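Colleague: Could you walk me through this model, and tell me the reason behind each label you use? I would like to check the reasoning as we go.

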Amino acid sequence: MGEPEPCPCENKTPPTSPGPVEDQEPLVRFVEDKGHIGKDGSGQLYLLPAAIRKDDIQGKKGRSFSLAREAHADRYDLERRAAARADEEWKRNPVFARTRAERLRAIKDGAKRREVCVFSDPTPPTGDFGAFPAHASAVRSDPPKDDKLRQHWLQLRTDVGACFDDIRHADGSPATVQTQP
Amino acid sequence: MDPLPEASSSTPAIAGAFAQITFAAVLGSAMFAAGLLTRETGTPVIARSPEYHHQHRASRDDLGFLRREWVDPDAVQVREETISGAKMLLAQLPVSVERPHLSVSAEGEIGFSWTNGVDRFEAMLDPEDHLVWVSKVGGIFSPGGDILISSAADRDVFYAALREFHGRA
């Protein structure tokens, strides 16, 4: 028996979806916490592993790492949704972290096997928000990885966060790294 | 889909002061338990070490910003014990190692992030006191270690890895 298909979810297109997530598609992650932005010595920004919840990327209990398909979303709606998640002082001008689907799909494990699946995952209306056909999800590929492989999960979360290296406020101004005591 | 977190809350100054006093008592007990203080005098065993002064960082640190509340019913707020563990780790950092950028996850973890040029060292302390780290050197992420911070010998392994990372030119 051959290896299972790592990302069967990418082949499914729900009825309300604008279509499969293309490799070149820009994807947006709403930055919820000011402390979740890191910066290296070259000034490059990225999302820290704390921004990528393990339960989400594991796909535990139906969860997933939520993304917005910018090309298929209304800008005002996107900003409103991001503001609802943002730190208090970012609510007027939320922060978006961007990547492309192909970068997440290019993450491989030590055996050169794909680690991350990215797929269309429209959501129904919730709370103050209407349905969101532009919602996409990222989860770890099949077969599931042992929960206790803590180094593996941290490396995957770090890898995923590193893909989000275009981090700006909704108005285009640069995001800054939180100053800590 | 991951749920919405609530905006972060702030801790009043008096609560912060109380937390520091409480922490000092807890840290003292923890250090006795870990064998870092002598029972006779309460003198730190590591006082003879050139890294001694770093233990005082803990009492000055205010990690209140890590106490974030979340709306998501599945989210886990960082526990005081995890914050105490983080303070202990910070207090004993090698002299050559700068204080890291700290972050908190919705799973009750505390992240420690160091950079050296474009290289990175990421560590995560979970609510069960497991400290896991990975590094990215020369553009490649590599596995690091997985320890229990209650073990002084294990912590030394972590600090050695940090020294090695920071020793790279």
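## Labels and the values behind them

Modeller: Gladly. A:Pro143 sits in the loop that joins β7 (135–140) to α4 of chain A. Please keep in mind that this is a predicted model.

Colleague: What makes the peptide bond from A:Asp142 to A:Pro143 cis?

Modeller: Its omega is near -10°, and the bond is cis.

Colleague: Let's step back to the whole chain. How many helices and strands does chain A have, and in what pattern?

Modeller: Chain A has four helices and eight strands. Along the sequence they follow the pattern β-β-β-α-β-α-β-α-β-β-α-β.

Colleague: Why is chain A called as compact as a globular protein of its length?

Modeller: The globule rule gives 16 Å for 181 residues, and the radius of gyration of chain A is 16 Å, close to that value, so the chain is as compact as a globular protein of that length. Its C-alpha trace spans about 55 × 40 × 30 Å along the principal axes. Of its 181 residues, 43% count as buried. Among contacts between residues at least 6 apart in sequence, 72% join residues at least 24 apart.

Colleague: Why is A:Ile167 called buried?

Modeller: A residue is buried if 20 or more other C-beta atoms lie within 10 Å of its own. A:Ile167 has 23 such atoms, so this residue is buried. A:Ile167 belongs to strand β8 (residues 166–169) of chain A. Leaving aside neighbours within four places in sequence, its contacts are A:Val31, A:Ile37, A:Leu45, A:Val95, A:Ala97 and A:Ala175. The C-alpha atoms of A:Ile167 and A:Phe30 are separated by 9.6 Å, with their positions 137 residues apart along the chain.

Colleague: And what about A:His152, buried or exposed?

Modeller: A:His152 is buried, because 20 other C-beta atoms lie within 10 Å and the cut-off is 20 or more. This histidine is in helix α4 of chain A. A:His152 and A:Pro15 are also 137 residues apart along the chain, and their C-alpha atoms are separated by 35 Å.

Colleague: Which residues have the most contacts inside the largest nonpolar core?

Modeller: That core has 66 residues, and those with the most contacts inside it are A:Leu47, A:Val118 and A:Ala138. Helix α4 (residues 150–163) of chain A provides the largest share of the core, six residues. Not counting residues up to four places away in sequence, A:Leu47 touches A:Arg29, A:His36, A:Ile37, A:Ile52, A:Ala97, A:Gly161 and A:Phe164.

Colleague: How do you know that the buried residues of α2(A) line one face of the helix?

Modeller: The buried residues are A:Leu78, A:Glu79, A:Arg81, A:Ala82 and A:Arg85. Looking down the axis of α2(A), they fall within an arc of 165°, so they line one face of the helix. Their cover includes β1 (26–30), β4 and β5 (95–100) of chain A.

Colleague: Why is A:Lys112 called exposed, and B:Asp129 partly exposed?

Modeller: The exposed class takes 12 or fewer neighbours, and partly exposed lies in between that and buried. A:Lys112 has 6 C-beta neighbours inside 10 Å, so this lysine counts as exposed. B:Asp129 has 15 other C-beta atoms within 10 Å, so this aspartate is partly exposed. A:Lys112 is in the loop between α3 (101–105) and β6 (116–120) of chain A, and its phi is near 65°, a positive value in a residue other than glycine. B:Asp129 is in the loop between β3 (119–125) and β4 (130–137) of chain B, with a positive phi near 70°.

Colleague: How many residues of chain A are in contact with chain B?

Modeller: 33 residues of chain A are in contact with 34 residues of chain B. On the chain A side, α4(A) gives the most, with six residues. By class, that side has seven nonpolar, 13 polar and 13 charged residues.

Colleague: What confidence does the predictor give the complex and chain B?

Modeller: The complex has an ipTM of 0.93 and a pTM of 0.82. For chain B, the mean pLDDT is 74, and 62% of its residues reach 70 or more. Residues 3–19 of chain B have a pLDDT below 50, and so do residues 23–60. Where pLDDT is low, the predicted coordinates should not be read in detail.

Note on methods. Residues numbered from 1 in each chain as written. Chains lettered and ligands numbered in written order. Predicted model: local features only at pLDDT ≥ 70, side-chain atom pairs only at ≥ 80, totals over all residues. Core = buried A, V, L, I, M, F, W, Y, C linked by C-beta atoms within 7 Å. Helix = DSSP H or I, 4+ residues; strand = E, 2+ residues; numbered from the N terminus. Contact = placed C-beta atoms within 7 Å. Nonpolar A, V, L, I, M, F, W, Y, C, P; charged D, E, K, R; others polar. Rg over C-alpha atoms; globule rule 2.2 N^0.38 Å. Arc of directions from axis to C-beta. pLDDT = per-residue confidence, 0-100.
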